[in-house]
Amino acid sequence: MSQDDHGPRPVTIIVNTRPYPWDSKDITFEQVVELAYPGEPGVGQYTFTVRYSRGPDGLSTLR
Amino acid sequence: MVPTGSVPCDEHGQKLTLANHEARAIADGLQADFMLSSKPGPTGYPDEYSKVTAYARIIADQAQAIDRSVTPTPGAAWQEVPDDTPFAYRDTATSRAGLTAINRRYRGHRIAIIGLGGTGSYILDQIAKTEVDTILLIDGDTFDNHNAFRAPGAPTLDTLRSRLNKAAYFASIYSNMHRGVTAYEQYLDEGNLAVLSGSTFVFIASDDAAGKPVIMDWLEAHGIPFIDVGVGIEETDGRLGGLLRVTTSLPGRREQARQRIPIPAPERDDYGRNIQTADLNALNAMLAVIRWKRHIGIYADATDEGFTTYSLITNEIANEDLP
């Protein structure tokens with residue numbers, strides 16, 4: 001992902017309806033899951049669908 | 001047997017204004033050249049008999065003004081048309097809308113719905129209104145109060161008290177309309193998958209992730225396409241948000257679909273809440289049914305996606321896994 005950003009830092013990312021400040025233009029699948037379910041067993045044990053809007057190529061899922 | 005004719009006219013040769021030139025396929029091998037429209041008032045005709053005889057009279061009267069011996073009911077031409085639709089009564093709007101030929105394409109399809117919970121019951125609600133040959137309902141659970149709030153219709157308390165099997169309950173309701181609905185009142189496992197034999201398309205609307213792999217293995221081995229649906233709704237700060245998921249598994253694209261269907265996982269406390277609401281169940285079901293109708297060519301399709309998600313808080317549909 002390109003580093004040229006147009007918005008202010010930190011960006012605000014909304015995960016499961018809650019806003020979080022995020023100090024980068026990049027975020028990984030695992031990082032999103034950790035924001036949604038902090039400290040819980042996650043990727044590998046459960047199936048998560050991470051779906052984004054207003055991201056790369058508009059809207060899609062993250063894998 | 002293709003009736004053709006010229007514009008209906010009055011006795012002076014003036015075209016009757018109620019006839020519009022509009023060719024329509026009424027049935028296989030039967031084409032109409034004109035549509036008639038003449039309503040006596042805002043409420044129309046009291047019944048079909050009145051309507052048909054009124055139209056016949058409007059045209060016949062003009063002809064009889066010239067030759068009193070002509071008749072619209074010569075008698076010898078009467079032909080009984082067999083009603084071979086799977087419905088218990090006629091869909092009277094289909095021929096009017098010119099959809100008979102398209103709707104006929106549902107013939108030969110045999111659908112199975114695995115799981116008659118919130119989403120599965122709304123899938124049935126739509127499939128029952130198509131001319132598919134058969135609809136097999138599969139569920140081992142009973143139809144209880146909480147199910148009534150995630151299902152089409154409004155069962156009486158007495159119905160809920162009788163604690164019917166879900167598949168049996170929905171079969172009893174929907175066989176009022178579609179004659180091909182049957183119930184299989186068991187959960188599926190290795191021992192009874194043959195009940196799916198002959199299905200042309202299967203909807204999996206079950207929340208039992210552990211039971212799915214054996215079903216999906218069987219469907220893939222038998223070349224049967226299927227759609228698996230999922231609803232993921234969570235409460236955060238007092239409001240609900242989440243995703244609807246439609247995964248379409250077609251021959252040649254099986255592995256792609258497998259990766260989009262949740263794997264069996266250990267129980268988690270908050271997962272047991274299993275939040276579902278009837279409108280989101282219904283929307284998920286509609287997305288699945290429309291995907292199937294695009295697959296079989298009833299609806300035009302320019303996407304052929306294997307994976308769709310609907311995001312509630314952004315009100316957006318994303319299509320992925322394009323061929």
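In strand 10 of chain B, B:Asn319 is the residue that stands opposite B:Thr308. Strand 9 (residues 307-311) of chain B and strand 10 of chain B run antiparallel and are joined over five bridges, two strands being counted as paired if DSSP finds at least two bridges between them. Strands (E, at least two residues) and helices (H or I, at least four residues) are DSSP runs numbered from the N terminus. The model described here is predicted; local features need pLDDT of at least 70 and side-chain atom pairs count only at pLDDT 80 or more, whereas totals for chains, interfaces and linings use all residues. Residues are numbered from 1 along each chain as its sequence is written, with chains lettered from A and ligands numbered from 1 in the order in which they are written.

The pair formed by strands 9 and 10 belongs to an open sheet of eight strands in chain B, ordered 5-4-3-6-7-8-9-10 and of mixed pairing. Its edges are strand 5 (181-184) and strand 10 (316-320) of chain B, each of which pairs on one side only. From one strand to the next, the twist averages 15°. Helix 4 (residues 118-127) of chain B packs on this sheet, where it touches strand 3 (110-114), strand 4 (134-138), strand 6 (201-204) and strand 7 (226-236) of chain B. The direction of helix 4 of chain B makes about 160° with that of strand 3 of chain B; axes are lines fitted to C-alpha atoms, for helices over the stretch in contact, and angles run from 0 to 180 degrees between N-to-C directions.

Helix 4 of chain B also meets helix 10 (residues 278-295) of chain B, the two axes coming within 8 Å and crossing at roughly 50°. Helix 4 of chain B is therefore oblique to helix 10 of chain B, given that angles under 35 degrees count as roughly parallel, over 145 as roughly antiparallel, 65 to 115 as roughly perpendicular and the rest as oblique. Among the residues making the contact are B:Tyr122 and B:Ile123 of helix 4 of chain B, and B:Ala285 and B:Val289 of helix 10 of chain B. Residues are in contact if their C-beta atoms, placed from the backbone, lie within 7 Å.

The domain assignment, which is automatic or taken from a database, divides chain B into domain 1 (19-81) and domain 2 (103-320). The C-alpha centres of these domains of chain B lie 44 Å apart. Strand 1 (residues 19-27) and strand 2 (residues 30-36) of chain B pair in the antiparallel sense over six bridges, with B:Phe34 as the bridge partner of B:His21. They form a hairpin with two residues between them, and B:Gly29 in the turn has a positive phi of about 75°.

A hairpin is likewise present in chain A, where two residues lie between strand 1 and strand 2 and A:Asn16 in the turn has a positive phi of about 45°. Strand 1 (residues 11-15) of chain A pairs with strand 2 of chain A in the antiparallel sense over five bridges, and A:Ile14 has A:Pro19 as its bridge partner.

Contact between the chains takes 12 residues from chain A and 19 residues from chain B. On the side of chain A that touches chain B, strand 4 of chain A gives the most, with three residues.

The average pLDDT, the predictor's confidence in each residue from 0 to 100, is 83 for chain A and 89 for chain B. For the complex, the predictor gives an ipTM of 0.82 and a pTM of 0.78.

Methods. Two residues are in contact if their C-beta atoms, placed from the backbone, lie within 7 Å.
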